[in-house]
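Open the model in a viewer with the sequence panel showing. The tour below goes selection by selection.

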Amino acid sequence: MGTEDAFAELGLASSASEREVKAAWRRLASQWHPDRNGSADAVARMQRINQAFEEIRRAGFQAAAKERGADSGAAAAASAAGTGCASDEHDGDPAAFRDDADTARQRRPIHRKVKLTLEEAAAGCIKVLRGKVIETCRTCAGAGHQVLGGHCIQCGGSGAVPKRSFFGWPTGLVECEACLGGGIARQPCAACRSTGKAAPRSYQIKVRIPHGVRHGDLLHVDGRRLRPERLPGDLEIRVELLDHAFFELDDDGTLRCEIPVDGFAWIAGRQLQVPTLTGLQSLQLSRGRLSYCLKGEGFPSERGGARGDQWVTVAPVFPEQLSTDQQILLDQLCATTSGAGGATDDRLQAWQRGLRAWERGLRG
Ligand SMILES: [Zn+2]
Ligand SMILES: [Zn+2]
């Protein structure tokens with residue numbers, strides 16, 4: 001029996017809500033239950049009613065929800081026809097039903113975090129993720145029970161049992177708990193102990209991280225395309241960039257680092273080994289210059305984009321205490337630029353002339 005036929009069997013439009021379906025089933029069950037109805041086709045009719053109900057339940061009442069979402073007029077018409085109650089708790093919320101569908105439950109994303117070094121994020125990398133997933137029980141397809149086919153023993157297939165007052169008088173019908181109103185015999189699923197979920201499964205998968213990802217980026221990976229094993233849902237991977245010992249990262253991909261250098265080596269214009277994201281590089285120090293740009297050695301400006309620049313700022317360091325040798329050498333060095341004959345540099349000579357003139361002026 002298809003879902004369309006099932007709705008027809010219960011005398012409902014396919015846009016009927018869960019509550020409308022249950023109400024229609026309850027009404028028909030009390031009319032056709034073999035205990036109450038002596039006609040020859042009562043048993044067969046009751047079976048069809050139960051089959052229809054089970055079919056719609058199995059579809060997760062999804063068809064109804066979808067229909068309602070597409071055409072709320074149909075739902076209004078169904079309500080007006082007097083089949084049930086307009087205040088269905090799921091009304092106007094198709095998402096609640098979609099969640100009930102097996103496929104949607106399987107595709108629910110698996111949230112993971114990956115922590116990357118700046119080097120890994122800049123170049124892109126492959127990360128191995130390990131974890132556990134809980135999948136739907138295959139034996140019962142997540143229902144937690146297996147339908148046996150015959151009549152439910154508790155209610156004789158009607159899906160309803162008499163409700164009794166405090167004094168034991170029958171006061172109407174309530175849904176049979178053994179078959180949840182379906183009227184069809186069912187047994188708890190032994191494979192999953194009625195939870196509908198399989199035992200947790202360990203997984204180990206490889207994920208390719210594109211180059212240039214930033215802290216907080218969300219990467220979406222189709223669970224069916226994962227290797228070496230698939231996952232029941234897609235992966236939502238949140239990127240975390242680890243702090244770097246040397247580098248600071250700007251939004252535009254510029255990478256900055258500050259390096260202490262030997263002040264004498266800086267004056268002497270020596271070569272300096274500086275760290276970049278791809279390894280050490282030589283930098284020619286220049287006397288008097290503190291900032292240096294390494295073109296294209298920064299971080300990608302955007303995901304998948306070209307790399308920005310790296311800026312190196314050097315901080316020359318001089319000894320706090322000079323050794324005797326160092327003091328002698330420095331004295332010799334000073335003598336070459338500002339010895340007894342005065343300063344040799346034009347700028348220094350000009351300054352010294354100005355200073356002397358100013359001093360004479362003070363004395364009048
Ligand atoms: Zn199961
Ligand atoms: Zn029952």
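How many helices and strands does the secondary structure of the chain come to? The count is 11 helices and 16 strands. Keep in mind throughout that this is a predicted model.

**Whole chain.** Colour all 364 residues by burial: buried residues make up 23% of them. Then draw the contacts between residues at least 6 apart in sequence; 65% of these join residues at least 24 apart.

**The largest nonpolar core.** Select Leu10, Val21, Trp25, Leu28, Ile49 and Ile56. These are the residues with the most contacts inside the largest nonpolar core, which has 23 residues. Helix H1 (3–9), helix H2 (18–32) and helix H3 (42–58) are the elements that give two or more residues to this core. H2 supplies the largest share, six residues. Centre on Leu28 next: leaving aside neighbours within four places in sequence, Leu28 is in contact with Leu10 and Ile49.

**A separate core.** Move to Leu116, Leu118, Val213 and Leu235. They are among the 16 residues of a second core, separate from the one just visited.

**Helix H2.** Go back to H2 and place a distance between its end C-alpha atoms. The value is 21 Å, which agrees with the 21 Å that its 15 residues should span at 1.5 Å a residue. Which residues in H2 are buried? They are Glu18, Glu20, Val21, Lys22, Ala24, Trp25, Arg26, Leu28, Ala29 and Trp32, so charged side chains such as Glu18 appear in the list by the criterion of 20 or more C-beta atoms within 10 Å.

**Helix H3.** H3 has 17 residues and reaches 24 Å from its first C-alpha to its last, close to the 24 Å expected. Buried here are Met46, Ile49, Asn50, Ala52, Phe53, Glu54, Ile56 and Arg57. Show H1, H2, strand S3 (145–151) and strand S6 (184–188) around them, since the buried residues of H3 pack against these elements. Past the helix, select Gly60, which follows H3 and has a positive phi, near 70°.

**The H2–H3 pair.** Display both helices with their axes. The axes come within 10 Å and cross at roughly 165°. An angle over 145 degrees counts as roughly antiparallel, and that is how H2 runs relative to H3. The crossing of H2 past H3 is left-handed. To see the interface, select Val21, Trp25, Leu28, Ala29 and Trp32 in H2, which meet Ala42, Arg45, Met46, Ile49, Phe53 and Ile56 in H3. An α-helix has 3.6 residues a turn, so residues three or four places apart point the same way.

**Val161.** Select Val161, found in strand S4 (residues 160–164). Is Val161 buried or partly exposed? Val161 counts as partly exposed, because it has 19 C-beta neighbours inside 10 Å and 20 or more are needed for a buried residue. Add Val174, 13 residues further along the chain: the two C-alpha atoms are separated by 5.5 Å. Leaving aside neighbours within four places in sequence, Val161 is in contact with Gln154, Cys155, Leu173, Val174 and Cys176.

**Helix H11.** Finish at residues 346–363, which form H11. The 18 residues of H11 should span 26 Å at 1.5 Å a residue, and the end C-alpha atoms are 27 Å apart, which agrees. The number of buried residues in H11 is zero, so this helix lies largely in the open. Gly364 follows H11, with a positive phi near 85°.

Definitions and conventions. Residues are numbered from 1 along each chain as its sequence is written. Chains are lettered from A and ligands numbered from 1 in the order in which they are written. This is a predicted model: local features need pLDDT of at least 70, side-chain atom pairs count only at pLDDT 80 or more; totals for chains, interfaces and linings use all residues. A nonpolar core is a set of buried Ala, Val, Leu, Ile, Met, Phe, Trp, Tyr and Cys residues joined through C-beta atoms within 7 Å. A residue is buried if 20 or more other C-beta atoms lie within 10 Å of its own, exposed if 12 or fewer, and partly exposed in between; C-beta atoms are placed from the backbone. Helices (H or I, at least four residues) and strands (E, at least two) are DSSP runs, numbered from the N terminus. Two residues are in contact if their C-beta atoms, placed from the backbone, lie within 7 Å. The expected span of a helix is 1.5 Å times one less than its number of residues. Axes are lines fitted to C-alpha atoms, for helices over the stretch in contact, and angles run from 0 to 180 degrees between N-to-C directions. Angles under 35 degrees count as roughly parallel, over 145 as roughly antiparallel, 65 to 115 as roughly perpendicular and the rest as oblique. A crossing is left-handed if the near helix is turned anticlockwise from the far one by less than a right angle, and right-handed if clockwise.
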